[in-house]
Amino acid sequence: MRLVLLGAPGAGKGTQAKKLIEKYGIPQISTGDLLRAAVAAGTSLGKEAKSFMDKGELVPDRVVLGMVEERLKQDDCKKGYILDGFPRNTAQAEALDKMLDTLKVPLTAALSVDVPFDDLMKRLTGRRTCKGCGQMYNVFFNAPKKDGKCDKCGGELFQRDDDKEETIKKRLDVYSSQTAPLFDYYKKKGILSSVNGTGSIDEIFKAVCNSLGLK
Ligand code: AP5
Ligand code: MG
Ligand code: ZN
């Protein structure tokens, strides 16, 4: 399976990708996670990326494309992968198709997780992530048992720098103008399907697996 996960900020792409990894052992390639790791490591790429991320804007294509190309060459991607948060605009989608044409391994599916815009603000302002294992929580919907601590590994939970109301508004605008056109892009290729992204995380996961033809 070579899958592109589409969906607005906060739709649950990362949450569902983590469940797919657990159950099927396919790696998740999240450009947001890769960029945040570069920011944390203080690399020059990370410094450049941070100025865009803090404003809720897209990081320049050349930065992201280089990163994805490197990642796709790694051995674990031979058995398939889940692209989460990439591509983000038509230029990235076209560049990805070119990369995969060269490797002769086209995408097998694009799946959108659909959540009404009104639900997204609370999901994003309430999100907390474990520094140790990356597990995600939500103080409104799916709180950790102990405040600020991960249920799974006891790690410290943090809030993302771009999960502030003003930045979230900008991210949602950028999504509508630049990323939403990808629905048509993948529809035309005949590989687009969608699931309702409201309800419990497990219910949505069932719908995701059904839609992808996974058992
Ligand atoms: P990125 O990290 O990709 O963020 P995003 O697209 O804004 O998406 P999120 O990670 O915020 O949401 P998600 O759908 O993964 O939701 P999650 O599962 O966490 O990008 C960040 C920035 O990096 C961009 O703004 C840009 O600057 C840059 N960037 C990244 N990729 C780029 C690219 N390709 N090109 C250029 N720039 C790029 O869930 C959210 C919350 O909801 C959690 O708290 C979760 O617990 C909760 N939740 C999940 N499911 C449910 C449910 N069913 N019910 C209730 N709560 C739920
Ligand atoms: Mg995410
Ligand atoms: Zn943890």
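## Close-up views of the ligand and zinc sites

**View 1. The surroundings of ligand 1.** In this predicted model, 35 residues surround ligand 1, and the closest are Thr 15, Thr 31, Glu 57, Arg 127 and Arg 171. By class, the residues of this shell divide into 15 nonpolar, 11 polar and 9 charged.

**View 2. Polar atoms that meet ligand 1.** Let's take the backbone first. A polar backbone atom of Gly 10 is 2.8 Å from an oxygen atom of ligand 1, while a nitrogen atom of ligand 1 has a backbone N or O atom of Gly 85 at 3.0 Å. A side chain joins in too: an N or O atom in the side chain of Asn 138 is 3.0 Å from an oxygen atom of ligand 1. On its own, ligand 1 has 1,000 Å² of accessible area, and the protein covers 96% of that.

**View 3. Helices and a strand around ligand 1.** Two or more residues of the shell around ligand 1 come from each of these elements: helix H1 (13-24), helix H2 (31-41), helix H6 (117-125), strand E6 (136-138) and helix H9 (201-211). Which of them gives the most to the shell? That is H2, with 4 residues.

**View 4. Asp 163 and its partner Arg 127.** Look for Asp 163 in the loop between strand E7 (157-158) and helix H7 (165-179). Is Asp 163 buried or exposed? Its relative accessibility is 3%, so Asp 163 counts as buried, the cut-off being under 20%. The side chain of Asp 163 makes a polar contact of 2.9 Å with the side chain of Arg 127, and Arg 127 is also among the closest residues to ligand 1.

**View 5. Four cysteines hold the zinc ion (ligand 3).** The SG atoms of Cys 130, Cys 133, Cys 150 and Cys 153 coordinate the zinc ion at 2.3 to 2.4 Å. Along the sequence, these donor residues follow the spacing C-x2-C-x16-C-x2-C. Why is the arrangement tetrahedral? The 4 donor atoms subtend angles of 96 to 116 degrees around the zinc ion, and four donors count as tetrahedral because all angles lie between 85 and 135 degrees. For reference, the ideal angle for four tetrahedral donors is 109.5 degrees.

**View 6. Two of the zinc donors, Cys 130 and Cys 133.** Cys 130 has a relative accessible area of 2% and is therefore buried. Cys 133, at 38% relative accessibility, counts as partly exposed. Both residues bind the zinc ion (ligand 3) through SG.

Technical notes. Residues numbered from 1 in each chain as written. Chains lettered and ligands numbered in written order. Predicted model: local features only at pLDDT ≥ 70, side-chain atom pairs only at ≥ 80, totals over all residues. Heavy atoms only, no water. Donors = N, O, S within 2.8 Å, 3.2 Å for Na, K, Ca; no water. Tetrahedral: all angles 85-135°; square planar, octahedral: opposite > 155°, others 65-115°. Buried < 20%, exposed > 50% of the residue type's maximum accessible area, 1.4 Å probe, protein only. Near = heavy atom within 4 Å. Polar contact = N/O pair within 3.5 Å; in protein donor to acceptor, adjacent residues only side chain to side chain. Areas by Shrake-Rupley, 256 points an atom, 1.4 Å probe, with all protein chains shown as cover. Nonpolar A, V, L, I, M, F, W, Y, C, P; charged D, E, K, R; others polar.
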